[in-house]
Amino acid sequence: MTGDVWLPFPADEVPGLPEGLNYRFWNGEPDYPADPEDCAYYVVPYMKGAEVAVRPLPRMTSVRAVQTLSAGVDHVQGGLKYLRPGVQLCNARGVHDASTAELALTLILASLRGVPDFVRGQDRGEWRSGFRQALADKNVLIVGYGAIGAAIEDRLVPFEVARVARVARSARTTERGPVHALADLPGLLSEADVVIVVTPLTEDTRGLVGADFLARLKDGALLVNVGRGPVVDTKALLAELESGRILAALDVTDPEPLPREHPLWQAPGVLISPHVGGPTSAFLPRAKRLLAAQLNRFAAGEGLDNVVLTVS
């Protein structure tokens, strides 16, 4: 096996890496650790943005695999045109399931139970009691039923929700029940009390949650986005929020980071977290296990896991 492996962690901090590979540590610094032309396996620095992710790709003429540490790969899509045919792009399926599912439940419960209002009351020394919504007995719709969507459903079960509906790119059947195709989405929206968006950003999903999607939601419905900001049409969402008809809890926004003066910050009924679904204490051990497993396959000449596309 020839060629370098670029890692965003020092190799001695990743247990189980195979011997015989030439590891280079690069986490987005201005200077490269070696000539990009010698890189055979490129692990994209995590949370460094698209500019850093794509920067070395034009010079990576020998690369055979590009590995993201995120479930989404939209931040490297712009660099694929520089790669020769046959290069495999792999994502981090499984790494963020626990963290993102935890945050989805956190946002749902915080929004329904009025936790932001409690915090504001605490800041002012005010006792803001009263009835609030519960997650129990709610109909939940998960839009983007992949590994993270399934992990969210796992965590919904103990909360006694009335029903969970699932939507993915194509229909299929799971142990928990049917998964509907995206084409079935319009007919499912009006029944949902909580809609969780966790779909990746693609040309098919950009702007998916637009004016028509939002208009189909029942009054008082809660929209939760833990996927990608541009899946939601921000202007259309603002119009619904400002009318007071629906609620929203957003870990991702469009634009992102959300500018200080953006009206979404002050919109009624919205809870915003700063894209923190993945970066938790659960990330590093899972990311390192993924890299060790992938690089052992790579060193042995075996097929890689989590291949989302092969450059043509």
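# Rings, sulfurs and odd backbone angles

Mentor: Going by the sulfur distances, this model has zero disulfides. It's a predicted model, so local features need pLDDT of at least 70 and side-chain atom pairs count only at pLDDT 80 or more, while totals for chains, interfaces and linings use all residues. Residues are numbered from 1 along each chain as its sequence is written, and side-chain values use heavy atoms, with hydrogens and water left out.

Trainee: Why is the sulfur of Cys39 not in a bond with the sulfur of Cys90?

Mentor: A disulfide is a pair of cysteine sulfur atoms within 2.5 Å. For Cys39 the closest cysteine sulfur is in Cys90, 13 Å away, so that's too far for a bond. Start from Cys90 and you land on Cys39, again at 13 Å and too far.

Trainee: What makes Cys39 buried or exposed?

Mentor: Relative accessible area decides: buried is under 20%, exposed is over 50%, and partly exposed is in between, using a 1.4 Å probe and protein chains only. Cys39 has 0%, so it counts as buried. Cys90 is buried too, at 0%.

Trainee: On to the rings. How many aromatic pairs are there?

Mentor: Seven. Rings of Phe, Tyr and Trp (its six-membered ring) pair if their centres lie within 6.5 Å; planes under 30 degrees apart are stacked, over 60 edge-to-face, and the rest tilted.

Trainee: Why is the pair of Trp26 and Tyr32 called edge-to-face?

Mentor: Their centres are 5.4 Å apart and their planes stand at 65°, so the pair is edge-to-face. Trp26 is buried at 1% relative accessible area, whereas Tyr32 is partly exposed at 22%. Both belong to one aromatic cluster with Trp6 and Tyr42.

Trainee: And what makes Tyr46 and Phe283 a stacked pair?

Mentor: Look at the numbers: 4.2 Å centre to centre and 20° between the planes. That angle is under the stacked cut-off of 30 degrees. The two rings come from distant parts of the chain, 237 residues apart: Tyr46 is in the loop between β3 (39-43) and α1 (49-54), and Phe283 is in helix α8 (residues 283-300). Helices (H or I, at least four residues) and strands (E, at least two) are DSSP runs, numbered from the N terminus.

Trainee: How do you know whether Tyr46 is buried or exposed?

Mentor: Tyr46 has 18% relative accessibility, so it counts as buried. Its partner Phe283 is buried as well, at 7%.

Trainee: What makes you say that Arg166 lies over the face of Tyr145?

Mentor: A charge sits over a ring if NZ of Lys or CZ of Arg is within 6 Å of the ring centre and within 35 degrees of the ring normal. Arg166 is 5.9 Å from the ring centre of Tyr145. Lys288 does likewise with Phe9, its charged end sitting over the ring at 5.7 Å from the centre.

Trainee: Now the backbone. What makes Met47 stand out?

Mentor: Most residues other than glycine have a negative phi, and most peptide bonds are trans. Met47 isn't a glycine, yet its phi is positive, about 60°. Met47 sits in the loop between β3 and α1 and is exposed at 53%. Asn306 also has a positive phi, near 60°, but Asn306 is buried at 19%.

Trainee: Which residues does a cis peptide bond join?

Mentor: Asp254 and Pro255, with omega about 10°. Another cis bond joins Glu256 and Pro257, where omega is about -5°. Pro255 lies in the loop between β12 (247-250) and β13 (270-272), and Pro257 is found in the loop between β12 and β13.
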